[in-house]
Amino acid sequence: MQEHDMTWVRTEMALAEPPPRTEAGLVAWIRKNLFATPLDSLLTVFCALVVAWILPQILGWSIFNAVWTGTDRTACLTVDQGGSLPVGWSGACWAFVNAKFSQFMFGRYPIEERWRVILTAVIFVALLAPLLIPRAPYKRLNAILFFAVFPFVAFYLLVGGFFGLPYVETALWGGLLVTLVLSYVGIVVSLPLGIVLALGRRSKMPIIKLLCVIFIEAVRGVPLVTVLFMASFMLPLFVPPGMTFDKFLRALIGVALFASAYMAEVIRGGLQAIPKGQYEGADSLGLGYWQKMGLIVMPQALKLVIPGIVNTFIGMFKDTTLVLIISMFDLLGIVKQNLSDANWATPQTAKSGLVFAAIVFWLFCFGMSRYSIYMERRLDTGHRR
Amino acid sequence: MKHIITGILGAAALGFAASAASADTLDDIKAKGFVQCGVNAAGLAGFSAPDDKGEWTGLDVDFCRAVAAAVFGDGTKVRFTPLTAKDRFTALQSGEVDILSRNTTWTINRDTALGLNFAGITYYDGQGFMINAAKLPGVNSALQLSGASVCVQSGTTTELNLADYFKANNLEYSPVVFEKQEEADAAYEAGRCDAYTTDQSGLYSIRLKLASPADHVVLPEIISKEPLGPSVRQGDDKWFDIVKWTYYALLNAEEFGITQANVEEMKNSPNPEIKRILGTEADTKIGTDLGLTNEWVANIVKATGNYGEIFERNVGTGSPLKISRGLNALWTKGGLQYGPPIR
Amino acid sequence: MAAQDVTRAQESNKTSPLYDPRVRSIFFQVLLVLLLVLGIWWIVDNTIENLRRSNISTGFGFLRGRAGFDISTSLISYTSDSTYGRALLVGILNTLVVAITGIITATILGFLIGVARLSRNWLLRKIAMVYVEIFRNIPPLLVIFFWYLGVLAILPAPRDSIGLPFGSYLNSRGFYFPRFIWEQGAWLVLAGLAVGIVLTWFVARRAKVRQLATGQQFPVFWTGLGLIVGFPLLGFVLAGFPLTLEFPQAGTFNLTGGFNVKPEFLSLYLALSFYTAAFIAEIVRAGIMGVSKGQSEAASALGLHPGKVLRLVVIPQALRIIIPPLTSQYLNLTKNSSLAVAIGYPDLYAIGGTILNQTGQAIEIVVIFMVIYLSISLLTSLFMNWFNAKMALKER
C-alpha cells in the first residue's frame, strides 16, 4: 500500500469566487462610469455640483413652492408686493394656469359648444390609437376613417353651421385646439402633396421636374413666417375681389405648403434608397408608372423614411406656434396673450405660463419622437443583413 | 392623372365663377346677412375689446353695430375680425372686412397710397406719453425724456410722430419697437422702457390693464393730431355714403336729443327736423335714396344710442376710462363733432 | 374575350401615338405649362385689378422715400431721415449679425454637448441627454419668449444695474460694456494683425511641407498664436497706445456711453444658440458614432493619446457625415432668426413689416423677403458645399 499513490479527484465544480469588490456591483459601476480617470472624477464632481445646485431650485420652484390654487394675482404675490406669501418667495404660479386652463385648451370657443371640440378629440384619439398600435386589426379601414372620413366629421363638428349645429367662426378658435387642427391638417395635406412633389422631382419630364425643384427649394429657402406672411397678405390680392379666405384657412394653406416641401425632400431620400432593380423589376412585369410607384416603390420607400416623416411632423407641430405672428392664437399665442392680463400680473406669471406651454409641447413632441424610434426599430428588422 | 387635371380644371372654373361676384358692397352684405367689421386684435378697452363673455364692446365696435342696424335694422348682424396694425389695411383692401373700425388715424397717405376712404372722425385724439411715476419721480413733461427708452408699436403713425418729435426737440431716445400692442404693453409693464407712447385714449385704456394703474401717469404733451375714424375701400361710393351717414346720423341724433330710451316717442315729435331724421315725414325718400329703409336712423339709435351715449358708455366719465368729451363734444358744446344736416 | 385580345393586339401593333410614352409625356407637360400659365395669368390679372381698385401704386421706387421711423439697433448710421432702402439694409445686417453669432455659438455648444453625449462619464452623458431632449422638443419661439419674458425680465432697472468686471453692467436695458475708441495710429494695429495672419499662413505651409518630407512636426498653433497676437501688440506699442475706453455711465434714464447689447438681441441670440445646439449635438453624436471603432482603436494602437485620436482621426472622418446635416441646421437657424419679430428685434422681417405698413407695398416687400432669404440660404449652402468638398474623402 502506498499511501502517497492515492490521487484525489475533485468531483464537483469549485464555486466561482465572487469578483473582486472593485470590479463588480455598485462600486465598480461607479468607478467605471464616474471616476475612471482623474479628469472624469473632476467632471463628475463638477456635474454633480451643478445638478445639486439646479435640481432643488427647479423642484422647489415648480412643485414645493408653487401656488396651485387661487382666484387672482394676490395668490402669487409676496407680502411686499401686496399678497400674502413671505418676502423672497419664488415659485410657479400654477393657479394662473389653473384659472386659464379652459382658455388654453379652447381659446374663445363658445362655452356651451365646447362639447363639440371634446367629442372631436375623443373620436380623434379613438381612431389614432389603434392606428399607432402595430398589432391592432383593420388597419386599412382605420386609416381610411382617420385620413378620409375624420376630416369631414371634424369639420362639421368644429365649424358647424348646418344640420342643427350652430356656426362657430374660426376667429373664436384658439389654444391647443388651433395647434392640433393646424398640425393635423398640415400632416394630412403635406404627406400626399409631398409624395407628388417628390415623384415630380424624380420625374423624367424636364418641365415637371423643374417646377417641382423650384417650388421645393423656394419654400425651403425662406422662413415659415414669410410663407405665412404671403398667405395672409398676398393671397387676398391674388383672388378676385369679393372672394375672401378665412384667416384660419390661409394659415392652414401656408403651413401645409411649407410642410409639403420638407416632406417631399424626406420622401425623395426614401425613393433614392430603393435599389434600381426594384424599378426595373416592376417595369419588366409590365406595370404602369402609377402601379409601379403605388405597389412596388412607395411602400418600400415610405417604410424607410418613417423616422424622417415623423421628424417633419414634429417640426411642423413646433412651427404651428408661428401663427401667433399673424395674430392667431394657438396654444403659445393664447398663453402669451393671457400673460398681459392685469388680474394675474405677477413676477412669476410669465415663467409659469411659458413653462406650462413648454411642457405641453414637449409631451407631444417627445411622444412622437419616441414613437418614431419604436417604429424604426420594429421596421428595421427586415432590412438587416 | 386625368382625374387630377379634371379636378384642377374644375377648381379653376369655380374660381372664375366666384370672380363674377358683384363689386357692390351693400348687395354683398345684404346677401351674406351681416356686416364684417375689422376691430383691434389686441383689445383696446373702451374702443374694441372682448368682455368676459367674449362679446366685443367699445366705441369702434358700437359704430359697426350702428352700421349693421342701418342696413338690417338689427345691430347684432355684425361679425368682428380682430386685426393687428399690420394686417388691417390688407384686410380691408382684399374685402375680408367691409369696414375698418380700429382706432385708425386718418392721413392723406392712407387716403391716397393705401386706397382707403375715411368716413369721418369718431374720436379726435392726439399722441401722448405715459411713464411710471413711481419709478421716475420728477418727470412731468415729455421734454424731460431725453435718453429714455420708449416703447412703441411698429407700423403706426405713432412711430413716425415719435421720431419727428424727438428730432424736432433735439432729444435722444432709444425706440423699443413691437409689432403688436400687447407685446409693447408687456414690455412696458416689465420695465423694458421708461415711457410708452400711443394715442392718449389708448394710453388711458392700456393703463387700466396694468398691474398698478395708479403708478402710471399720462404726460400732458400732445405731440400730434390723431383723428381716428372708420374707413372703407375706395371705389364704392354707395357703401361709403352709408358708413359716412351712419356716423352723421349718430351726431344728429345727439344734437336733437334722440336717445335709445326716447326714440319711439320721438317718432311722434312735431319737430320737422326730427321727423326728417327718424323718417316719419310723409313721402320721405332719405333712407331709400341711401339704399336703406326710411327708419334707418331710428334703427341705429335703437341699437346703439346716439353718439353721446356711445361715448359715455364706452370711454366717457361713466366708464372705467373716464375720458371727458373735450374735442369730441358736439359743436354746439364747444367740441368738433359736427353732423351735416339730414335733409 | 378572345375578340378583345385581338383588337388590343392590333391596337398596340399600330403603335398609336396616343400610347407612345414620349408623346404622352410631352402632352402632360404642355398641359401642365398651359395650366400654370393660365393660373399665373389669373393671379396677375386679379392682382392688377385689386391694386387698381384700391389705388395702390406699384414698383420699387418707394425704397428711395424717407423712412421716418427710428431703429434701435443698427450697425450702420441710420436716422429717421434715411431712406426705406437703407432701413431694409439695416434689417439685413441685423439678421446676418444674429445668424452669424448664433451659428458660431450653437456650433461650439453643439460640439461640446455632442461629445459629452458620448462621454464615458455617466453623469455627464445623462446631463447632455436631458439637455438635448428638452430643447429638441420645444418650439423655438417658446425658447425665445422664455429668454425674453422669463429670464431677462427679472433683470433689475438701470439704476440697480448689476456690476460686472471690466466696467460692464447688466440691467433690463441689456448688457453694457466699455466701447473701444481708437485714436490716431490705430492702423498700425490692424497692419500688425494682417502681417501676423499672412506670416502664420506661410509658417503653416512650410511646416506641412516639412512634415510631409521629413516627418518632423512644428508647433504651428503656438507659433501662429504668437504671431497673430504679437504683431498687433507691437503695432499698438509703436503707435503709443492709441486706445481709450469709454465706460458706461449712469444717465437720467439709462446708462449712457459704452456699448449696449439690447435684451432683444441677447434673448434671440441665446435662444437660437441653445435651441440649435441641441440639434447640432445630435448630428455630432451621429457623426462620431458613424466612424468605425476600428479607426480609433488603430489610432490608439499607433500610440496617439486620446485627444489626438479625436482630433486627428475621428473628427476629420466624422466631419464628412456631420457637414451636410449641419448645413441645414445653419440654414434653419438663419430662417428662425425671423422670429425676432415676436420680441421686437429689428431684423429684416420686422423692418420689412414696418415698411409694408407705412407704404402698403405688400408685393414688393414679399419679393424682397424672398430674394434676400433665398440668397442668404444659397450663399450658406454654397459655402458649406465648398467646405464639404474640401473635407471629402480624397481617394488616391
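Author: pLDDT is the predictor's confidence in each residue, on a scale from 0 to 100. The model here is predicted.

Reader: Which element of chain A has the highest mean pLDDT?

Author: Chain A averages a pLDDT of 84, and 96% of its residues score at least 70. Its lowest element mean, 78, belongs to helix H9 (residues 235-238) of chain A. At the highest mean, 91, stands H6(A).

Reader: Where in chain C is confidence lowest?

Author: The mean pLDDT of chain C is 84, and 94% of its residues reach 70 or more. Helix H3 (residues 84-117) of chain C has the highest mean, at 94. Where pLDDT is low, the predicted coordinates should not be read in detail. The lowest mean, 51, is found in helix H1 (residues 2-14) of chain C.

Reader: What ipTM does the predictor give the complex?

Author: Two scores come from the predictor for the complex. The pTM is 0.83. The ipTM is 0.84.

Reader: How many strands does chain A have?

Author: Chain A has 15 helices. Its count of strands is zero.

Reader: What is the radius of gyration of chain A?

Author: The C-alpha atoms of chain A fill a box of roughly 120 × 85 × 40 Å along the principal axes. Of its 385 residues, 34% count as buried. A compact globule of 385 residues would have a radius of gyration near 21 Å. For chain A the value is 29 Å.

Reader: Is chain C more spread out than a compact globule or less, and what is its radius of gyration?

Author: Chain C has 12 helices and eight strands. The globule rule gives 21 Å for 396 residues, and chain C is well over that, so it is more spread out than a compact globule. Its C-alpha trace spans about 100 × 70 × 45 Å along the principal axes. Its radius of gyration is 29 Å.

Reader: What share of the residues in chain B is buried?

Author: Chain B has 14 helices and 14 strands. Its radius of gyration is 22 Å, which agrees with a compact globule of 343 residues, near 20 Å. The C-alpha atoms fill a box of roughly 75 × 65 × 40 Å. Buried residues make up 56%.

Reader: How many residues of H3(B) are buried?

Author: Helix H3 (residues 59-72) of chain B reaches 20 Å from its first C-alpha to its last, close to the 20 Å expected. Gly73(B) follows H3(B), with a positive phi near 75°. H3(B) is mostly covered. Of its 14 residues, the number buried is 14.

Reader: Where does the kink in H6(A) lie?

Author: Helix H6 (residues 176-201) of chain A has 26 residues. It reaches 35 Å end to end by C-alpha, close to the 38 Å expected. The kink is about 30° and comes shortly before the proline Pro192(A). It lies at Ser190(A).

Reader: Which helix of chain C gives the largest share of the side that touches chain A?

Author: On this side, 42 residues of chain C are in contact with 43 residues of chain A. Elements giving two or more residues include helix H4 (122-136), helix H5 (140-151), helix H10 (306-336) and helix H12 (362-391) of chain C. By class, the side has 26 nonpolar, 11 polar and five charged residues. The largest share, 11 residues, comes from H2(C).

Reader: Is Gly221(A) buried or exposed?

Author: Gly221(A) lies in helix H7 (residues 206-221) of chain A. Leaving out residues up to four places away in sequence, Gly221(A) touches Tyr373(C), Leu374(C) and Ser377(C). A residue with 20 or more other C-beta atoms within 10 Å counts as buried. Gly221(A) has 21 of them, so it is buried.

Reader: Why does Arg313(B) have the burial class it has, and which class is that?

Author: Arg313(B) sits in helix H14 (residues 307-314) of chain B. Beyond its neighbours within four places in sequence, Arg313(B) is in contact with Gly318(B) and Ser319(B). Its C-alpha atom is 9.9 Å from that of Thr57(B), 256 residues apart along the chain. Arg313(B) has 18 C-beta neighbours inside 10 Å, so its class is partly exposed.

How values were computed: Residues numbered from 1 in each chain as written. Chains lettered and ligands numbered in written order. Predicted model: local features only at pLDDT ≥ 70, side-chain atom pairs only at ≥ 80, totals over all residues. Contact = placed C-beta atoms within 7 Å. Helix = DSSP H or I, 4+ residues; strand = E, 2+ residues; numbered from the N terminus. Nonpolar A, V, L, I, M, F, W, Y, C, P; charged D, E, K, R; others polar. Rg over C-alpha atoms; globule rule 2.2 N^0.38 Å. Buried ≥ 20, exposed ≤ 12 C-beta atoms within 10 Å, placed from the backbone. Expected span 1.5 Å × (residues − 1). Bend = angle between axes of the 7 residues up to and from the residue.
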